[in-house]
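Work through the exercises below with the sequence and the model open. Each task is followed by a solution in steps.

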Amino acid sequence: MIAAIGAVTSAIGTVAGGLLSDRTRSRIGRRSPWLLGSSILATLALAGCGMTSSLVTIALLFAAFQLGIGTWTAALSALVPDHVASRDVGRASSFAGLGFLLGQTLGGVLAGVFITHPVRGLTLVPWVMVVGAILIAICVPTEDNRSMPRPARSTGRVRAWIPSASRDFWLAFTGRFLFILAIVMITHFKLYLFTDHLGLSKKDAGAAVAVAITIVGALSAVTTVAGGVLSDHLGRKKIFVGGAPLVLAAGMAPVLAAPSLATVFLFCAAIGLTLGTYLAVDQALMVAVLPDTATAARDLGVLGIGSTLPGVVAPVVGGLLINTVGYTALFLVSLALAVAAAAVIILIRSVR
């Protein structure tokens with residue numbers, strides 16, 4: 001329940017933070033104020049989680065943390081269309097994806113270090129976000145934009161939150177949602193996949209999870225960099241973003257045919273290859289389908305919901321499938337989702 005609440009507030013943060021960021025006029029530009037403010041909010045909220053044992057308080061603080069993270073993500077993503085030439089967006093997207101993977105890996109290491117001292121970890125580690133915001137404010141060129149006109153207000157307040165009805169924009173949103181859901185639908189239950197489906201002991205399952213994460217991380221790091229560079233070199237994005245879900249679907253076939261530790265690791269390799277490639281080029285595709293660069297942060301925030309919403313849907317739908325039909329059905333549904341993601345992305349017309 002706490003995770004679901006956090007996913008909702010994160011989605012609100014990405015859209016509201018993006019909309020407000022687009023309209024902000026300040027001496028340090030329109031992104032830096034929101035990066036600084038959201039990082040401080042997220043840091044204080046997460047630190048507060050370590051200072052209470054009340055589940056209600058933790059839920060409220062975690063919701064505030066996710067609100068800050070959503071706002072941070074919207075403002076950070078908008079730096080790409082703000083500062084990067086279109087010919088280099090693929091490369092910028094790949095380095096953003098690499099940063100995500102490195103942060104995720106280092107975060108796991110720090111979590112292990114502070115696992116016996118959670119209060120200390122939650123108090124100290126989150127300040128990395130604030131340091132990052134300060135570095136961005138200092139290093140990324142910004143101009144005093146107080147004299148610039150604000151984007152024209154929509155005729156309705158609700159309408160201002162919704163991007164224009166661009167067919168390719170919503171196809172990109174749907175493709176991202178389906179692809180991430182196809183992955184999360186399985187990875188959310190990875191421990192139980194090893195224990196309940198393959199019959200491993202908890203000790204062996206823990207070791208298997210560590211190997212699986214290593215495989216995904218190592219291959220993703222390689223393909224993240226390579227995917228962005230190749231995308232810029234070839235001038236194509238759809239072949240990478242649309243091809244990744246098909247490779248993922250192919251990686252599920254061996255697990256369906258012969259469930260074993262080896263085939264699950266083979267599937268993890270498919271996740272690493274596809275997730276890295278997708279992270280590298282997906283952001284570039286999203287930038288390419290933006291209806292209006294003046295509302296880039298808001299629109300990228302809406303697209304970001306395509307990444308967070310699967311975290312709400314997967315536990316519910318996946319849990320129902322496992323409890324009623326079994327893990328084979330879980331893989332079949334995920335395979336269908338991956339194929340559907342590829343089909344949707346192929347329909348995008350404005351991007352090669």
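**Exercise 1.** Classify Val8 as buried, partly exposed or exposed, and place Val8 in its helix and its surface patch.

Solution. Step 1: Val8 has a relative accessible area of 47%. Step 2: buried means under 20% relative accessible area, exposed means over 50%, and partly exposed lies in between (1.4 Å probe, protein chains only), so Val8 is partly exposed. Step 3: Val8 belongs to helix 1, residues 2-23; helices here are DSSP runs of H or I with at least four residues, numbered from the N terminus. Step 4: together with Ile12, Leu41 and Leu67, Val8 makes up a nonpolar surface patch with about 300 Å² of accessible area in total. Areas come from the Shrake-Rupley method with a 1.4 Å probe, and for residues only the protein chains shown count as cover. A patch takes residues with over 30% relative accessible area and no salt bridge, joining nonpolar side chains (Val, Leu, Ile, Met, Phe, Trp, Tyr) within 5 Å and like charges within 9 Å.

The model is predicted: local features need pLDDT of at least 70 and side-chain atom pairs count only at pLDDT 80 or more, while totals for chains, interfaces and linings use all residues. Residues are numbered from 1 along each chain as its sequence is written, and side-chain values use heavy atoms, with hydrogens and water left out.

**Exercise 2.** Describe the second largest pocket by volume, by the residues closest to its centre and by its lining.

Solution. Step 1: the volume is about 310 Å³. Step 2: 18 residues line this pocket, and those closest to its centre are Gly29, Arg30, His83, Thr142 and Glu143. A pocket is an open set of points on a 1 Å grid over the protein atoms alone, with protein on both sides within 12 Å along at least five of seven lines; a cavity is a set where a 1.4 Å probe fits but cannot get out, and lining residues have an atom within 4 Å of a point. Grid points are joined across faces, edges and corners, and the volume is the space filled by probe spheres set on the points. Step 3: helix 2 (32-49) and helix 4 (79-83) each supply at least two lining residues, and helix 4 gives the most, with 3. Step 4: the lining divides into 7 nonpolar, 5 polar and 6 charged residues. Ala, Val, Leu, Ile, Met, Phe, Trp, Tyr, Cys and Pro count as nonpolar, Asp, Glu, Lys and Arg as charged, and the others, Gly among them, as polar.

**Exercise 3.** How many cavities of 30 Å³ or more does the whole structure hold, and what lines the largest cavity?

Solution. Step 1: the search finds 1 cavity of 30 Å³ or more. Step 2: the largest cavity has a volume of about 50 Å³. Step 3: its lining consists of His197, Val255, Leu256, Pro259, Tyr327, Thr328 and Phe331. Step 4: helix 11 (238-257) and helix 15 (327-346) are the elements giving two or more of these residues, and helix 15 gives the most, with 3. Step 5: by class, 5 lining residues are nonpolar, 2 are polar and none is charged.

**Exercise 4.** Find the salt bridge, and decide for each partner whether the residue is buried, partly exposed or exposed.

Solution. Step 1: a salt bridge needs a side-chain nitrogen of Lys or Arg within 4 Å of a carboxyl oxygen of Asp or Glu. Step 2: the whole structure gives 1, between Arg167 and Asp168, with the closest N and O atoms 3.2 Å apart. Step 3: Arg167 is partly exposed at 38% relative accessibility, whereas Asp168 is buried at 8%.

**Exercise 5.** Set separation in sequence against C-alpha distance for Leu98 with Thr224 and for Val302 with Thr14.

Solution. Step 1: Leu98 sits in helix 5, residues 89-113, and is buried at 17% relative accessibility. Step 2: Leu98 and Thr224 are 126 residues apart in sequence, with their C-alpha atoms 6.0 Å apart. Step 3: Val302 sits in helix 13, residues 296-308, and is buried at 7%. Step 4: Val302 and Thr14 are 288 residues apart along the chain, and their C-alpha atoms are separated by 6.6 Å.
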